[in-house]
Amino acid sequence: MNSPASQAPADARVTELAPPDHTYLHMDKDSAPMHWSMILQLESNGALLGLDEVRTRVRERAGLFEIFRLGIRNGRWRKPEMVLADDSWDAGEHVTEFGFTDRAHLQRRVTKLLESPLPRPRPFWDITLFTPSAGAEGVGQWVLLRVHHSISDGIAGAAFAALLADGEPDDLAEFE
């Protein structure tokens, strides 16, 4: 299901496409998605994060930067249209959870996601929490962040860490 989107971008600094962005959009297809990703192993000391806890954090942080609301309609052979999710958008819908039994199972699940395109025109990122199934010991809990290259690359990618990082609002300003 696509998130609702407004027709008018609010901040041109966030919503203007540069020539490389058009290249990423043109090259993006189901068999070759153009997103970057980051996978993090969580230090848990036995306690695991719950899906609701991660969704709550992401919902709270989604208002920090407009880039979290940015999606793109079209872009391969038709002119891309930048869209911002409206006020009814729920950032928590961008967070899912999968279980896994061992490292090989985790690797297969991550690979399948990395081979899958991000849906349009909803905001162009998602987070997946990987929680070990009962009996899967010593593999830890993992988080996969996927973001389309057309909306974030290089230093701008650090802003997405603000969705998950520990810290108070003043601490999160460093991700701006």
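Start by selecting β2 (35-42) and β7 (141-148): these two strands pair in the antiparallel sense over eight bridges. Keep in mind as you click around that this is a predicted model.

**Stop 1: β7 and its partners**

Stay on β7 and colour it by accessibility. Eight of the eight residues of β7 are buried, so the strand is largely enclosed by the rest of the structure. Now show the side chains. Q141, V143, L145 and V147 point one way, while W142, L144, R146 and H148 point the other way, and all are buried.

Next, add β6. That strand runs antiparallel to β7, and six bridges join the two. To find your place in the ladder, pick W125, whose bridge partner in β7 is V147. On the β2 side, pick H35, which stands opposite H148 in β7.

**Stop 2: H35 and H149**

Zoom in on H35, in strand β2. Is H35 buried or exposed? With a relative accessible area of 12%, H35 is buried. Draw a distance from its side chain to the backbone oxygen of L114 and you should get 3.3 Å. Then select whatever touches H35, skipping residues up to four places away in sequence: you will pick up L113, L114, S116, L118, R146, V147, H148 and H149.

Follow that last contact to H149, which is found in the loop between β7 and α5 (158-161). H149 is buried too, at a relative accessible area of 16%. Leaving aside neighbours within four places in sequence, H149 is in contact with D21, Y24, M34, H35 and W36.

**Stop 3: helix α4**

Select residues 103-114, which make up helix α4. The helix has 12 residues and reaches 16 Å from its first C-alpha to its last, close to the 16 Å expected at 1.5 Å a residue. Look at the start of α4, where a side-chain oxygen of D102 reaches to within 3.2 Å of the backbone nitrogen of A104.

Now for the two faces. Which residues of α4 are buried? They are H105, L106, V110 and L113. These residues cover an arc of only 130° around the axis, which puts them on the same side of α4. It helps to recall that an α-helix has 3.6 residues a turn, so residues three or four places apart point the same way. Rotate to the face turned away from the buried side and you will meet the exposed residues Q107, R108 and K112.

What covers the buried residues of α4? The cover includes β2, β5, β6 and β7, so turn those strands on together to see the packing partners.

**Stop 4: helix α3**

Move to residues 51-61, helix α3, and repeat the exercise. The buried residues here are L51, V54, V58 and R61. They cover an arc of only 105° around the axis, which puts them on the same side of α3. Flip the helix over: on the other side, D52 and E60 are exposed. The cover over the buried residues of α3 includes β5, β6 and α6 (169-172).

**Stop 5: the aromatic cluster**

Select F65, F68, W89 and W125, which form one aromatic cluster. The structure holds four aromatic pairs. Isolate W89 and W125: this pair is edge-to-face, with 6.4 Å centre to centre and 85° between the planes. W89 lies in the loop between β4 (81-85) and β5 (95-100), and W125 in strand β6 (residues 125-132), so the pair ties together parts that are 36 residues apart in sequence.

How buried are the two tryptophans? W89 has a relative accessible area of 11%, and W125 has one of 0%.

Now click F65, whose place is in the loop between α3 and β3. At 14% relative accessibility, F65 counts as buried. Put a distance on the C-alpha atoms of F65 and F160: they are separated by 9.2 Å, although the residues are 95 apart along the chain.

**Last stop: β3 and β4**

Finish with strand β3 (residues 70-73) and β4, which run antiparallel and are joined by four bridges. Label I72 and you will find it standing opposite M82 in β4. Colour β4 by accessibility and the strand shows up as mostly covered, with four of its five residues buried.

Methods: Residues are numbered from 1 along each chain as its sequence is written. This is a predicted model: local features need pLDDT of at least 70, side-chain atom pairs count only at pLDDT 80 or more; totals for chains, interfaces and linings use all residues. Side-chain values use heavy atoms; hydrogens and water are left out. Rings of Phe, Tyr and Trp (its six-membered ring) pair if their centres lie within 6.5 Å; planes under 30 degrees apart count as stacked, over 60 as edge-to-face and the rest as tilted. Buried means under 20% relative accessible area, exposed over 50%, partly exposed in between (1.4 Å probe, protein chains only). Two strands pair if DSSP finds at least two bridges between them. The expected span of a helix is 1.5 Å times one less than its number of residues. The arc is that of the directions from the helix axis to the C-beta atoms. Contact means heavy atoms within 4.5 Å. A polar contact is a pair of N or O atoms within 3.5 Å; within protein, one must be able to donate a hydrogen and the other to accept it, and residues adjacent in sequence count only if both atoms are side-chain atoms.
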